[in-house]
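Work through the exercises below with the sequence and the model open side by side. Each task is followed by a solution in steps.

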Amino acid sequence: MSCWDTIADYGLRSLGIGERLLPREDFTLCQQFTLIGSGMLWNIYFGTLALITGFFLATAVALGKASRNRVLRKLSEWFIFVFRGSPLFIQFFFAYFLFLLLKQSTGMFSALSSAWAGALVVLFLNTAAYTGEIFYGALQSVPKGDVEAADAYGMSGWSRFRRVIWPTMLRLAWPAYTNEAIFLFHATTLVFFSGFPALQQKGDALYYASYFADKTFNPFVPYPILAGYFILLTLLIVSIFGLINRRLNRHLPQDRRPRLKFRPNLLR
């Protein structure tokens, strides 16, 4: 079987398209690159959807924490505290067993016991908590002069927030938010270790890397391949977020525009 045939058979296997059975012997580099790359589709799925949905919840949480309303402020503070104060790995297990109980009580929550929905919810809430704290810090750092200038122009309420406060908050928070986005995509590998099952061997990239490591008794081939895919994904994220950062700071002189710096989180 040529490498092109392998790509055609296994390129979309993680989505249930193509060859159903995994290779059992004579493992080639092409098979490992193809299947691990196929599993990356799930990591990209988890990271992208959690990042997009978490962005909007994080904005609401940041505004809630900065609110004068005591109820909103306390709800936001406890939401951030719970999800930042507990390990993501534990959150996966707790959510899985909670969703199983809900599934037993009513069929409405049956989808949440699967990785594609349940693990996504956990990642969504986790990144919303971390991002909410980042946005809150940026919100507190918005220069008062900008707000006073908006008041002088007659802006108030939603108009002032949309045109002055929110863009400034994003501009200040974007470098830290970029690092959170990178770590979120890296954290998607924890889905493999969580209780959420990989139905019909439709797993993520780490699932296939572990499969080849177990079958070949050689972890020094599949895991570096997996790391290489995530390095490429990180470079893509940095490039996309760099373009957005440039857009947010387009009004500043070239020498005053902050540059993005990748600072990996060693602990979550």
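**Exercise 1. The largest pocket**

Task: List the residues that line the largest pocket, and state which helix supplies the largest share of the lining.

Solution. The structure is a predicted model. Step one is the list: the largest pocket is lined by L63, A66, S67, L139, Q140, V142, K144, V147, G157, R160, F161 and I165. Step two assigns residues to helices: at least two lining residues come from each of α5 (115-140), α6 (144-152) and α7. Step three picks out the main contributor, which is α7 with four residues. The space in this pocket amounts to about 360 Å³.

**Exercise 2. The surroundings of T189**

Task: Locate T189, decide whether T189 is buried or exposed, and find what its side chain reaches.

Solution. Begin with the position: T189 belongs to the loop between α7 (157-187) and α8 (205-216). Next, take the relative accessible area of T189, 18%; buried means under 20%, so T189 is buried. Then follow the side chain of T189, which reaches the backbone oxygen of H186 at 2.8 Å. Last, set aside the neighbours within four places in sequence; T189 is then in contact with N43, D204, L206 and F230.

**Exercise 3. Aromatic pairs**

Task: Classify the ring pair of F27 and Y211 and that of Y96 and F97.

Solution. A pair of aromatic rings is described by the distance of the centres and the angle of the planes. The whole structure holds 26 aromatic pairs. For F27 and Y211, the separation is 6.4 Å centre to centre and the angle between the planes is 85°, an edge-to-face pair. F27 is in the loop between α1 (3-10) and α2 (29-65) while Y211 is in helix α8, so this pair ties together parts that are 184 residues apart in sequence. Y211 is buried, its relative accessible area being 10%.

For Y96 and F97, the ring centres are 5.5 Å apart and the planes stand at 65°; planes over 60 degrees apart count as edge-to-face, so this pair is edge-to-face. Y96 has 15% relative accessibility and counts as buried, whereas F97, at 49%, counts as partly exposed.

A further step goes from pairs to a cluster: F55, F56, F135, W166, W174, Y177 and F241 are linked by ring pairs.

**Exercise 4. Charges over rings**

Task: Which ring lies under the charged end of K65, and which ring has R84 over its face?

Solution. K65 places its charged end over the ring of Y136, 4.6 Å from the ring centre. R84 lies over the face of Y130, with 5.6 Å to the centre of that ring.

**Exercise 5. Positive phi values**

Task: Explain what makes the phi values of D26 and F217 worth noting, and place both residues.

Solution. Most residues other than glycine have a negative phi. D26 is not a glycine, yet its phi is positive, near 50°. F217 is likewise not a glycine and has a positive phi of about 55°. As for position, D26 is in the loop between α1 and α2, and F217 is in the loop between α8 and α9 (222-248). The final step is accessibility: D26, at 65%, counts as exposed, and F217, at 74%, also counts as exposed.

Conventions. Residues numbered from 1 in each chain as written. Predicted model: local features only at pLDDT ≥ 70, side-chain atom pairs only at ≥ 80, totals over all residues. Heavy atoms only, no water. Buried < 20%, exposed > 50% of the residue type's maximum accessible area, 1.4 Å probe, protein only. Polar contact = N/O pair within 3.5 Å; in protein donor to acceptor, adjacent residues only side chain to side chain. Contact = heavy atoms within 4.5 Å. Phe/Tyr/Trp six-rings, centres within 6.5 Å; stacked < 30°, edge-to-face > 60°. Lys NZ or Arg CZ within 6 Å of the ring centre and 35° of its normal. 1 Å grid on protein atoms, 1.4 Å probe; cavity = no way out; pocket = protein on both sides within 12 Å on 5 of 7 lines; lining within 4 Å. Points joined across faces, edges and corners; volume = space filled by probe spheres on them.
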